[in-house]
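Trainee: I should like a close look at a single part of this model, set in the context of its surroundings. Please explain the terms as they arise.

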Amino acid sequence: MTANNNADRQYVMETRDLDIYYGSFKAVTGVNMKIERNAITAIIGPSGCGKSTLLRAFNRMNELYAGTSIKGQVLFDGEDIYAPQIDPVEVRYRIGMVFQKPNPFPKSIYENIAWTARIHGYRGKMDELVENSLRQAALWDEVKDKLGQSGLSLSGGQQQRLCIARAISIKPEVILMDEPASALDPIATLKIEELMQELKKNYTIVIVTHNMQQAARASDYTAMMMLADRETRSGTVIEFDDTKVIFTNPKDKRTEDYVTGRFG
Amino acid sequence: MKEKAVVQGFANNLDARNRRGVLWHVLFQASTVVGIVALIALMLNIINSAFGYVAYEARVDPDTLAVDGTPIQDQSKDQLVALIHSTLSSGAYNKLDNEKPFADRSLEEVYQLVVERIVRPKVVEVWNLWPSLTQADAIRATVARDHPDAELDFVSWLTTDFVTRPQTSEPLTAGVRTAILGSLWTILFTILLAFPIGVGAAIYLEEYASDNWLNRIIQTNINNLAGVPSIIYGILGLAIFVRALEPLTSGKIFGLVNLTSENGRTVLSAGLTLGLLVLPIIIINAQEAIRAVPRSLRNASFGVGATKWQTVWSHVLPTAMPGILTGTILAISRAIGETAPLVVVGASTAISFDPNSPFSKFTTLPIQIYQWTSRPQDEFRSLAAASILVLLVLLLSLNASAVLLRNRFSRRF
């Protein structure tokens with residue numbers, strides 16, 4: 001299942017027959033998808049079908065949950081990130097993540113970004129890096145006078161943008177977003193979506209969302225996930241295509257039912 | 001409000017539910033009251049013993065010490081020094097002179113010395129605070145009848161002198177400086193051993209240890225160790241620190257052979273024993289605190305490519321620190337009040353010199369209290385009461401400083 005037929009070098013990530021297990025329970029089955037560079041790929045689907053599990057497998061965050069394992073491959077620039085010689089810390093450095101619930105560090109706004117840069121050995125001008133990251137996350141104007149305040153003192157939407165600023169401060173190649181706007185009001189959500197369009201120029205984004213309008217509005221490609229069958233309760237990608245195709249002319253009946261609201 | 005129409009299958013039981021609520025409310029309040037009453041009774045009991053009338057007689061009549069009709073309280077410093085020189089043995093005199101040359105002592109101090117060493121007042125009877133307040137006349141009459149030579153004074157056993165004087169066998173001049181310093185030295189080594197090892201073990205068990213049978217056994221055993229009676233730790237300390245590690249705990253391998261403690265019954269042994277005793281408590285509390293750090297914070301850190309150690313050091317530990325310190329405060333409070341293990345390890349009951357190194361012999365406040373309460377004379381019970389007050393103050397001030405430290409950590413953000 002590939003989104004289009006262009007040359008391979010445009011794809012930054014690829015999964016091959018990816019199965020994800022929680023202990024002996026197979027949560028996700030047989031995922032094959034390619035993530036295009038500088039595009040936004042959305043993963044949609046009903047609750048409990050393994051969207052977040054799949055996303056976490058893209059930067060090995062799933063390993064922090066006890067008992068998880070995978071079969072198959074996740075390629076990043078053609079290299080399997082689950083290969084034994086690959087350090088998961090390096091993977092997460094190059095493939096950043098923004099979480100569902102805003103989770104700034106309990107430190108100052110400045111330190112949230114400075115600490116992140118410091119642990120990766122950043123030796124440049126810290127003030128500049130902080131300002132640039134906050135500007136890119138469209139947060140600078142709102143916080144430039146209170147950089148010393150706690151990151152937790154910001155509103156939910158601001159906190160989430162701080163988390164995005166933190167993620168992009170270390171220049172990852174891919175940013176994974178796990179329902180980044182689900183805890184936010186419509187205005188904050190809109191800001192995050194505008195921000196994603198801006199970030200797309202420099203980064204590749206994979207976003208999990210419950211909100212179909214959001215996927216339709218903001219993404220270039222959409223992967224539709226659903227439980228493969230009722231018995232095993234294992235999720236899989238049933239259709240992956242241009243967002244326009246998914247929302248206007250899906251090939252799979254289940255996708256059509258879901259995006260038109262007849263299935264929930 | 002109009003009563004809700006009865007719905008099939010539901011009963012209007014709001015009154016019964018409220019009555020039950022009130023019943024539990026009263027029960028919980030009663031338990032709190034019982035606790036407070038017990039605490040007040042304890043404090044009143046201690047205070048009752050720590051103040052009151054004392055009748056005492058001089059072992060040597062001060063009148064016999066008068067020179068040319070001048071009573072000792074009016075004599076000059078030189079006369080008093082001469083008196084000390086002629087009365088005490090030359091060894092005792094030289095010892096006093098070495099502690100602080102007589103030339104440097106004030107008249108007041110020399111007079112005190114004469115009273116302590118030559119007149120040597122002896123307690124004949126003591127009264128508690130309550131009878132002293134309510135039956136002062138009867139007490140005076142009793143003293144006048146039974147001990148015509150005795151003087152009667154209302155004393156507070158807890159004075160600054162009591163805190164600063166070393167231990168002696170004379171109740172009127174005994175103090176707890178030795179015991180306070182012993183307690184502080186001991187607790188210092190307890191903290192030095194138990195805090196880093198306890199927090200380190202907690203970090204390992206929570207962050208690094210995998211969930212296998214060996215680690216589960218270790219975890220279960222740590223939980224059980226927290227409930228082992230303290231005297232057993234005393235026996236352990238005796239076997240390991242006092243006996244097996246004697247060259248270390250007596251300071252021999254450092255070339256510090258102290259004639260007063262050629263064996264391992266030192267401050268160091270006591271501190272390490274109490275350290276072992278509170279180690280499980282610190283580990284368990286630190287584990288709880290580390291476990292309470294939200295997963296979202298760890299995710300945030302790992303999500304930006306931090307290593308496990310960077311995550312633990314920069315986020316998990318600072319967030320868990322208030323909880324870890326709360327557990328440590330509890331553990332230290334327990335250690336400072338422990339008596340039984342120190343008796344086994346070999347606390348000295350009667351030493352009058354201050355501990356000044358890890359290899360000193362020692363006594364601690366609870367040991368001192370235990371020893372005084374076991375004496376038959378009433379005056380020692382008053383001393384014990386005063387020591388208990390000192391112990392409580394010491395405990396509260398140690399805890400207060402730990403609480404301040406904790407608040408500094410929790411106020412950061």
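**Helix 6 of chain A and its setting**

Mentor: Of the 14 residues of helix 6 of chain A, 13 are buried, so this helix is largely enclosed by the rest of the structure. Here a residue is buried if 20 or more other C-beta atoms lie within 10 Å of its own, exposed if 12 or fewer, and partly exposed in between, with C-beta atoms placed from the backbone. Helices (H or I, at least four residues) and strands (E, at least two) are DSSP runs, numbered from the N terminus.

This is a predicted model: local features need pLDDT of at least 70, side-chain atom pairs count only at pLDDT 80 or more, and totals for chains, interfaces and linings use all residues. Residues are numbered from 1 along each chain as its sequence is written, while chains are lettered from A and ligands numbered from 1 in the order in which they are written.

The length of helix 6 of chain A agrees with expectation, because its 14 residues should span 20 Å at 1.5 Å a residue and its end C-alpha atoms are 20 Å apart. The expected span is 1.5 Å times one less than the number of residues. The helix is followed by Lys171(A), whose phi is positive, near 50 degrees.

The largest nonpolar core has 78 residues, and those with the most contacts inside it are Ile43(A), Ile175(A), Leu176(A), Ile205(A), Val206(A) and Met224(A). Helix 6 (residues 156-169) of chain A gives the most to this core, with 6 residues. A nonpolar core is a set of buried Ala, Val, Leu, Ile, Met, Phe, Trp, Tyr and Cys residues joined through C-beta atoms within 7 Å. Leaving aside neighbours within four places in sequence, Met224(A) is in contact with residues including Ile44(A), Val237(A), Ile246(A) and Tyr258(A). Two residues are in contact if their C-beta atoms, placed from the backbone, lie within 7 Å.

Chain A as a whole has 10 helices and 10 strands. Its radius of gyration is 18 Å, close to the 18 Å that the globule rule gives for 264 residues, so chain A is as compact as a globular protein of that length. That radius is taken over C-alpha atoms, and the rule is 2.2 Å times the number of residues to the power 0.38. Buried residues make up 47% of the 264 residues in chain A.

Chain B offers a contrast. It has 17 helices and 3 strands, and its radius of gyration is 29 Å, whereas a compact globule of 413 residues would have one near 22 Å. Buried residues make up 33% of those 413 residues. Chain B is divided into domain 1 (53-155) and domain 2 (177-410), and the C-alpha centres of these two domains lie 42 Å apart. The domain bounds come from an automatic or database domain assignment. In helix 9 of chain B, the number buried is 0 of 13 residues, so that helix lies largely in the open.

The two chains meet where 16 residues of chain B are in contact with 23 residues of chain A. Helix 13 of chain B gives the most to the side of chain B that touches chain A, with 6 residues. The residues of that side divide into 6 nonpolar, 9 polar and 1 charged. Ala, Val, Leu, Ile, Met, Phe, Trp, Tyr, Cys and Pro count as nonpolar, Asp, Glu, Lys and Arg as charged, and the others, Gly among them, as polar.
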